[in-house]
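Please look through this model with me. I have some questions about surface charge, salt bridges, loops and backbone.

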Amino acid sequence: MRGFFLSLELATVLTIAMALDSSFVIEQRSSASSRLTPATISTELGPKLSANSSIFAQNDPRWFNATERWQAYYQPDFLAVVEPSKESDIPIIVKFANSHGIPFLAVNRGHGSTKTLGRLKNGIEISMAQLTDIKIADDEASAFFGGGVWDGQVIDSLWEEGFVTGTGSCACVGVMGPGLGGGHGRYQGFYGLIIDGLISMNVVLADGSAITVSNTSYPDLWWAMRGAGHNFGIVTSFHAEIHKRTVDEWYISEFVFTQDQLESAFEVLNSQQQNGGQPKELMNYGVFTWSSEFSTTEPIMEVFIHYIGTAEEAAPYLKPFQDLNPLYSSGEYYAYPDVLDATGTGMNSPMCQDGHTNMQFPFGLLEHNISATRQIYDYYREITTSQPLYNQSIVVFEAYSLDGVKAVDSASTAFPHREDNILCDVLVTYDPDSSLDAEAIAIGKHITQLWADGQPHRKQHIYVNYAFGDEPLEQMYGDEPWRLKKLRATKAKYDPHNAFRFYNPII
């Protein structure tokens, strides 16, 4: 199957941004921090870290791989990379940075796309690259994970042992970065969001203290970090549920439609999504994209049906699409780890390649307004036809199954958008060129406004992991007044100087 669906759910970040207000730093340190160099960081901090830890700067051959990001627009700026070999090193690094008044950023796979990350200047990158251990617990109902694990690694490792767990959909993205913002994924119909499977997290706070956060230990922080966690700490390791795999193969179908079939295809999507009530085994995805294999004159629409089960069980959901006489259709069985490559979200897929400008503009829907969707397609076609520099861009419609998500009380976590049935996203992609940035932002904003116009009686919902970075906080963290009030109270308690302010900060 030559699927090209570019799921973005885990085209998101294990990036927890932190910096310190000058009020947090002892006054006499300010002159010292202004003279801080990579060499002094290495000399002063290096001896305090565990064996096999490393510190390196821009002249080191490791620098490029350690600092290259998926989103080339408005990136964080670093003096040095510190790569700890043990999670116990991270409190030492944080305390060192505090003593010199310099910002720091914990980086796993570098997929954070929000422009707020670019506010970090002259800081320390804390690379999570060595913190990737996975250990299945004796009860075989949970496992312990290093803070640097990523989706493909976790999926492959657990599958070999006969287990699955909640992760995102893109092999190259870290687990906990998206998890801190909720964490959509292919198994959420069964087990909920990534945050819903967490049992505990080991967290380093802004002052360098290391704590374990769970339902019974720091319960206020436990609530806040599951949905707004980038604002509160670095997760150095975590304990999460795992589950015996129930099927050995998924049945994956792909359909390609021309633009004149758009209305019919989206009517089927709305029917199958049943206001979020589709079977937990079923996931629907759609994408507007260019494919020269099918057309050189207009974008196509691809629809992907993931079914956790057999072709016979999937057949009732496939037939309505087949009846539309698609330009192309296919269906094939895949073991779950192979689904990622088959649907364009594997390690070697375009979605996993760094170095492009990738601006994201998300929107949450209850159902597709088909008239608005037609306007979006026509606008996308107009822009990408008249300006081919943008024709790597895509418009995505993700309809994960929701049984497991909606089974969790919305008030029990900081994640605010459990009622959303469809996660939409505009990904404006092009080779880095600052002269295109302003127009690219305008394109993304125009499309999200079309979604908003299509549901005028509903407040706008923005998935924080896909946020561009200038959206109102109420759209990202919830429009019920009590949510931001509770988040800010927790913030004042655990981070009174707003150290964690670089990833869509709540204040």
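Q: In which helix does Glu-160 lie?
A: This is a predicted model, in which local features need pLDDT of at least 70, side-chain atom pairs count only at pLDDT 80 or more, and totals for chains, interfaces and linings use all residues. Residues are numbered from 1 along each chain as its sequence is written, and side-chain values use heavy atoms, with hydrogens and water left out. Helices (H or I, at least four residues) and strands (E, at least two) are DSSP runs, numbered from the N terminus. On that count, Glu-160 belongs to helix 5.

Q: Is Glu-160 buried or exposed?
A: Buried means under 20% relative accessible area, exposed over 50%, and partly exposed in between (1.4 Å probe, protein chains only). The areas come from the Shrake-Rupley method with a 1.4 Å probe, and for residues only the protein chains shown count as cover. Glu-160 has a relative accessible area of 67%, so the residue is exposed.

Q: Which residues gather with Glu-160 in a patch of negative charge?
A: Patches are made of residues with over 30% relative accessible area and no salt bridge, like charges being joined within 9 Å and nonpolar side chains (Val, Leu, Ile, Met, Phe, Trp, Tyr) within 5 Å. Lys and Arg count as positive and Asp and Glu as negative, while His and the chain ends are not counted. The place of a charge is NZ of Lys, CZ of Arg, CG of Asp or CD of Glu. On the surface, Glu-160 is joined by Asp-156, Glu-161, Asp-338 and Asp-341.

Q: Which helices each supply at least two residues of the negative patch?
A: The patch draws on two stretches of the chain, 151-160 and 336-342. Each supplies at least two residues: they are helix 5 and helix 11.

Q: How many salt bridges does a search of the whole structure find?
A: A salt bridge is a side-chain nitrogen of Lys or Arg within 4 Å of a carboxyl oxygen of Asp or Glu. One of them pairs Asp-323 with Lys-319. Over the whole structure, the number of salt bridges is 14.

Q: Is Lys-319, the salt-bridge partner of Asp-323, buried or partly exposed?
A: The side chains meet at 2.8 Å, N to O. Asp-323 is partly exposed, at 47% relative accessibility. Lys-319 has a value of 48%, so Lys-319 is partly exposed.

Q: In the salt bridge of Glu-480 and Arg-483, is Arg-483 buried or exposed?
A: The N to O distance of this pair is 3.0 Å. Glu-480 is partly exposed, at 28%. Arg-483 has a relative accessibility of 1%, so Arg-483 counts as buried.

Q: Is Lys-491, which meets Asp-495 in a salt bridge, buried or exposed?
A: Their side chains meet at 2.8 Å, N to O. Asp-495 is buried, with a relative accessible area of 3%. For Lys-491 the value is 1%, so Lys-491 is buried.

Q: Which residues are linked with Arg-374 in a network of salt bridges?
A: The network includes another arginine, Arg-381. The acidic members are Glu-263, Glu-298 and Asp-378. With Arg-374, the linked residues are therefore Glu-263, Glu-298, Asp-378 and Arg-381.

Q: What is the phi of Tyr-218?
A: Tyr-218 lies in the loop between strand 10 (210-214) and helix 8 (219-228). Tyr-218 is partly exposed, at 35%. Although Tyr-218 is not a glycine, its phi is positive, about 55°.

Q: What is the phi of Asn-325?
A: Asn-325 sits in the loop between helix 10 (311-322) and strand 16 (328-334). At 61% relative accessibility, Asn-325 counts as exposed. Asn-325 is a residue other than glycine with a positive phi, near 55°.

Q: What separates the C-alpha atoms of His-417 and Val-405?
A: His-417 is found in the loop between helix 13 (403-406) and strand 19 (422-430). His-417 is buried, at 6%. Val-405 is 12 residues apart from His-417 along the chain, and their C-alpha atoms are separated by 9.8 Å.
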